[in-house]
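Subject: Structure handover

Dear colleague,

I am passing on the structure we discussed, and below it you will find an account of what came out of going through it. Please read the notes with the structure open beside them.

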Amino acid sequence: METSIARQVSPAPRPTLIDDEHSVTGIVQAAMADTADPRLRQVMDALVRHLHGFVREVRLTDEEFEFAMGWLASLGHATHATHNEVVLAADVLGLSTLVTVMNNSTRDGRTPGALLGPFYRANAPRYACGDCVVQDDAPGLPLLVSGTVRGTDGTPLAGALVEVWQASPVGLYDNQDPTQPDRNLRGCFHTDADGGYRFRTVRPAGYPVPTDGPVGALLAAQQRHPYRPAHIHFIVAAPGYRTLVTQVFADEADKLASDVTFGVHRQLVGTLQLHDQGRSPWGEVPAPFYTLDFDFTLEPGQQTFPKPPID
Ligand code: BEZ
Ligand code: FE
């Protein structure tokens, strides 16, 4: 019978001893071949294949390997409760954005996703439609943001959550700047019966990622600037829809085409229109002010909420 014949065939012996640089990879893969979890087996097998291939391609020297291990360890040492240098390293290598783009399809007009980033905090103030998220009187040009939240079938989503956070006109989040009130420039809104949202803020500025650690040293060695272009973070969520975590970028922002975290998806560039005369369409704001109209499209799926990386 076929099964008993199959039982008699002994498996091919696993390679165990190294003959040359090429035999190492197969021996390592064979050692991991009994991993019970099939996804872990697949991921680790590919990781070893690519890592070993990379080392052979660049002919990594002993000194370079030692340096690289030290750099990786220093990422951990520079990581603490309010800063994650490991994630920052993934960000400036484009890894975080690659994972985000890969896992956020734009099929059927869905709005692209973008990084949650390290500055998302829970417990943002809850505001009514049209309210202002600015809690201080620091200077900055007013910005009126509005739009509609829809499903991929075009249905406007009433009662959807629109949560926003941004840096100030000097490029600092509230938790980085002792002069700002707690949870300044953050807010939770809900869409009206037509799926519309609107809020008032100030035009954000771009800002640098931290450069005092090993990631900063890498950026300097690569002659790269550390800046992100001006943006507003959004979480848009509704029951029965996949939660959208994204960012909207100012079209005239400095460094738009060279974001240090590679986060600027073409479809996430919004038009900031400067009005230097007349009155605002809502909010009673005297000129000069900016407006930004940006719609969001969610796909059916599960509503989830991200875990804040900081308090
Ligand atoms: C942010 O968008 O807030 C951000 C993302 C990645 C690194 C640093 C900041
Ligand atoms: Fe940000």
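To begin with a single strand, T291 lies in β11, which covers residues 289–293; please keep in mind throughout that this is a predicted model. With a relative accessibility of 15%, T291 counts as buried, because the cut-off for that class is under 20%. Its side chain makes a polar contact with the side chain of H275, at 2.7 Å. Beyond its neighbours within four places in sequence, T291 is in contact with L143, L144, T271, L272, Q273, H275 and P281, so that H275 appears both in this list and as the partner in the polar contact.

The ligand may be of most use to you. Ligand 1 is surrounded by D91, G117, P118, F119, Y173, Y207, V209, R228, H231, H233, Q247 and T261, and this shell divides into 5 nonpolar, 5 polar and 2 charged residues. Three side chains each place a polar atom by an oxygen atom of ligand 1: for R228 the distance is 2.4 Å, for Y207 it is 2.6 Å, and for Q247 it is 3.4 Å. Taken alone, ligand 1 exposes 260 Å², and the protein buries 99% of that area.

Turning to the loops, R110 has its place in the one between α6 (95–102) and β1 (142–151). Although R110 sits in a loop, it counts as buried at 1% relative accessibility. Leaving aside residues within four places in sequence, the contacts of R110 are with N104, S105, T152, R242, T243, L244, Q267, T297 and E299.

P210 is also a loop residue, located between β5 (207–208) and α7, but at 30% relative accessibility P210 counts as partly exposed. Not counting residues up to four places away in sequence, P210 touches H83 and L88. From P210 to V248 the separation is 38 residues in sequence and 21 Å in space, taken from C-alpha to C-alpha.

Helix α7 itself comprises residues 214–221, and P214, V215, G216 and L219 are buried within it. An α-helix has 3.6 residues a turn, so residues three or four places apart point the same way. The buried residues of α7 pack against two other helices, namely α4 (62–77) and α5 (85–92). Just after α7, Q223 takes a positive phi of about 55 degrees.

As for the whole chain, the protein has 7 helices and 12 strands. Its radius of gyration is 25 Å, well over the 19 Å that the globule rule gives for 311 residues, and it is therefore more spread out than a compact globule. Along the principal axes, the C-alpha atoms fill a box of roughly 85 × 55 × 30 Å. Of the 311 residues, 40% count as buried, while the protein exposes about 17,300 Å², with carbon and sulfur atoms supplying 57% of that area. Among contacts between residues at least 6 apart in sequence, 71% join residues that are at least 24 apart.

With best wishes

How values were computed: Residues are numbered from 1 along each chain as its sequence is written. Chains are lettered from A and ligands numbered from 1 in the order in which they are written. This is a predicted model: local features need pLDDT of at least 70, side-chain atom pairs count only at pLDDT 80 or more; totals for chains, interfaces and linings use all residues. Side-chain values use heavy atoms; hydrogens and water are left out. A residue is near a molecule or strand if one of its heavy atoms lies within 4 Å of it. A polar contact is a pair of N or O atoms within 3.5 Å; within protein, one must be able to donate a hydrogen and the other to accept it, and residues adjacent in sequence count only if both atoms are side-chain atoms. Accessible areas come from the Shrake-Rupley method with a 1.4 Å probe; for residues, only the protein chains shown count as cover. Ala, Val, Leu, Ile, Met, Phe, Trp, Tyr, Cys and Pro count as nonpolar, Asp, Glu, Lys and Arg as charged, and the others, Gly among them, as polar. Helices (H or I, at least four residues) and strands (E, at least two) are DSSP runs, numbered from the N terminus. The radius of gyration is taken over C-alpha atoms; the globule rule is 2.2 Å times the number of residues to the power 0.38. Buried means under 20% relative accessible area, exposed over 50%, partly exposed in between (1.4 Å probe, protein chains only). Contact means heavy atoms within 4.5 Å.
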